[in-house]
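Subject: Structure handover

Hello,

Here is the structure I said I would pass on. Please open it beside this email.

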Amino acid sequence: MVFALFIAGQPGGGRANICTHFTFIAAPSLLAAWQFLAAAEAGRALPAWTWLLTGLVLTLAGQALYDLMEKKGALTWMATHKKAVLAAALLVAAAAVTTAGVYAGSHSDALKTIAEEIRLRNATERMYFFQDALKMFKERPLTGWGGGGWEEAYQAYQSYLYSSRQVHGYYFQVMVEAGIAGLLVVLGIWASFLAMAHKIFYGTKGQPRRFLAWTLTMAALIIGLHAAIDFDLSLSALALVLWTIFGLLRGMGTYTGFAARQERKSPLPGDLPGVPAGKDTPASAAPIAAVTAATIAAIIFTGSLAAAGSHFSKAAQAQDLNTAVATLQKAAACSPFNADYHTYLARCYQNKGNYDAALAEAQKAVDLSQYNPHRRGDLATAGNRAGKRSEAVASAEKALALAPFHTQWYEFFAMTCFTAGFGEITGGHPETAAEHFAKAARTPGLIEAQAKVLSPVEQKLWKDAPPLAATPPVHLYTGASQYF
């Protein structure tokens, strides 16, 4: 769609040249990419690299052929014989469609399977991602969940079991993590960019820079529109390309008089003829002081995070638990919002037999990472060992609620309830023990009830784990609880 728009915005004589160049470059690139991905997914490294290099060679050959046609005047001939070129293109397109139809007729079953798979995996699945993202957005619409919020909490909102660290839709991800405020900022940037592009395009009619402005605008639209259905802008390299395009177009607006700029008395070397220059104004001390203070704060903050990472690396290499604990405490002090450090501290304290300290650290990790079922699991384990058995069962229930499609948490819940019940039996509290054993015994029913909420489409999309069902560990702890 964007390519068609790009062609429509070109001067009449250049459209055929662009289509020709695109054909010479895109055809070999598509073939090479298709074969490269197939080989890479199959784990065949040599064919994958071979196709990668083949694509490079074929693309260079296509560029060389285009340059040769330009030198020989073939492109000029095509521009003056548009009808003949169009007829030939239609003939080739008709041949391609006929060939595809014959192939489809002889491979209808295979194509039907492929089409269904593409529809399910590339469309239906992402619709579920977006639907679950909207559930999270409704919980915190104004400020969002913060950076990494989707990855932290999506399992509690997912409609079926899938594993995805990204929403696969940049604008939905912004909604989840930055709320309506963040989304408005992003949309405002796009509105500003498109308004500037509109001014430059219609204000430079007949000038070469109009073609440059149109090209930059279409390049930005390709990235921005595709980001709506994928996590393009979560990749820093691609995001930098988009921001660079924004900056380039803004620069064009400044130096062509379509963007406001500070007045100066004398022109600079980059100024264009006919664009008014103006006066220099002295810089204010307040902005400089603010920027300096912000820079110092950023340096201190990033330095503290770097120190925390260094302490953590030393803790991982420590030869004894006391050294590991002391170093992890330094890491937690340098990065107080990182739940991982408290989780590792809790495990170290458990290995030392200091269960109360382990419970306290596990609680700190939960306070910082409330939607992570693993934090709740660590808290439940620490609670059982510290004798806080009812609290342990409650933590295991919460972990299960945060990841209701993950079998491991049903196993963990049954085990925690049984362990808590056994602890209460040995401690002389049979009534409390009976409550914990009863919860463990109900685990298969919880699994069955959760499995029933899945629609046929969701059952078909389920691919990241075996179907939800009671496992041998669940039966083991259920049976043991029923025995008691």
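Below is what I found, going from the whole chain to single pairs of residues.

Please keep in mind that this is a predicted model.

Overall make-up

The protein chain has 21 helices and zero strands. It runs to 484 residues, and 35% of them are buried. Take the contacts with a separation of 6 or more: 60% of these join residues 24 or more positions apart.

Nonpolar cores

The largest nonpolar core holds 36 residues. Which of them touch the most other members? They are Met136, Trp150, Tyr160 and Trp462. Four elements each give two or more residues to this core: helix 6 (108-139), helix 7 (149-153), helix 16 (389-402) and helix 17 (407-426). Helix 17 provides the largest share, with six residues. A separate core of 32 residues lies apart from this one. Its members include Val2, Val186, Trp190 and Leu242.

Trp150 deserves a look of its own. Leaving aside residues up to four places away in sequence, Trp150 touches Phe129, Asp132, Ala133 and Met136. It also touches Tyr162, Ser164, Arg165, Gln166 and Val167. Gln173, Val176 and Glu177 complete the list. Met136 therefore appears twice here: it is in the group that touches the most other core members, and it is a contact of Trp150.

Salt bridges

The count comes to ten salt bridges. Three are described here.

Start with Arg126 and Asp230. Their closest N and O atoms are 3.7 Å apart. Arg126 sits in helix 6, while Asp230 is in the loop between helix 9 (208-226) and helix 10 (236-255). The two are 104 residues apart, so the pair links distant parts of the chain. Are these partners buried or exposed? Arg126 has a relative accessible area of 18%, which is under the 20% cut-off, so Arg126 counts as buried. Asp230, at 16%, is buried too.

Next, Lys135 and Asp132. The closest N and O atoms of this pair are 3.3 Å apart. Both residues lie in helix 6, three residues apart, or about one turn of the helix. Their surroundings are not alike: Asp132 is buried at 0% relative accessibility, whereas Lys135 is partly exposed at 33%. Asp132 is also one of the residues that Trp150 touches.

Last, Lys463 and Asp464. Here the closest N and O atoms are 3.3 Å apart. Lys463 is partly exposed, with 46% relative accessibility. Asp464 is partly exposed as well, at 38%.

Helix 12 and helix 13

Two packed helices are described by the angle between their axes and the distance between the axes. Helix 12 (residues 321-334) packs against helix 13 (residues 339-352) at an angle of about 160 degrees, and the axes are 10 Å apart. Angles over 145 degrees count as roughly antiparallel, so helix 12 is roughly antiparallel to helix 13. Their crossing is left-handed.

Which residues meet between these two helices? Helix 12 brings Leu321, Asn322, Ala324, Val325, Leu328, Gln329, Ala331 and Ala332. Helix 13 brings Tyr341, His342, Tyr344, Leu345, Cys348, Tyr349, Asn351 and Lys352.

Best wishes

Methods
Residues numbered from 1 in each chain as written. Predicted model: local features only at pLDDT ≥ 70, side-chain atom pairs only at ≥ 80, totals over all residues. Heavy atoms only, no water. Core = buried A, V, L, I, M, F, W, Y, C linked by side-chain atoms within 4.5 Å. Buried < 20%, exposed > 50% of the residue type's maximum accessible area, 1.4 Å probe, protein only. Contact = heavy atoms within 4.5 Å. Salt bridge = Lys/Arg side-chain N within 4 Å of Asp/Glu carboxyl O. Axes fitted to C-alpha atoms, helices over the stretch in contact; angles between N-to-C directions. Parallel < 35°, antiparallel > 145°, perpendicular 65-115°, else oblique. Left-handed = near helix turned anticlockwise from the far one by under 90°.
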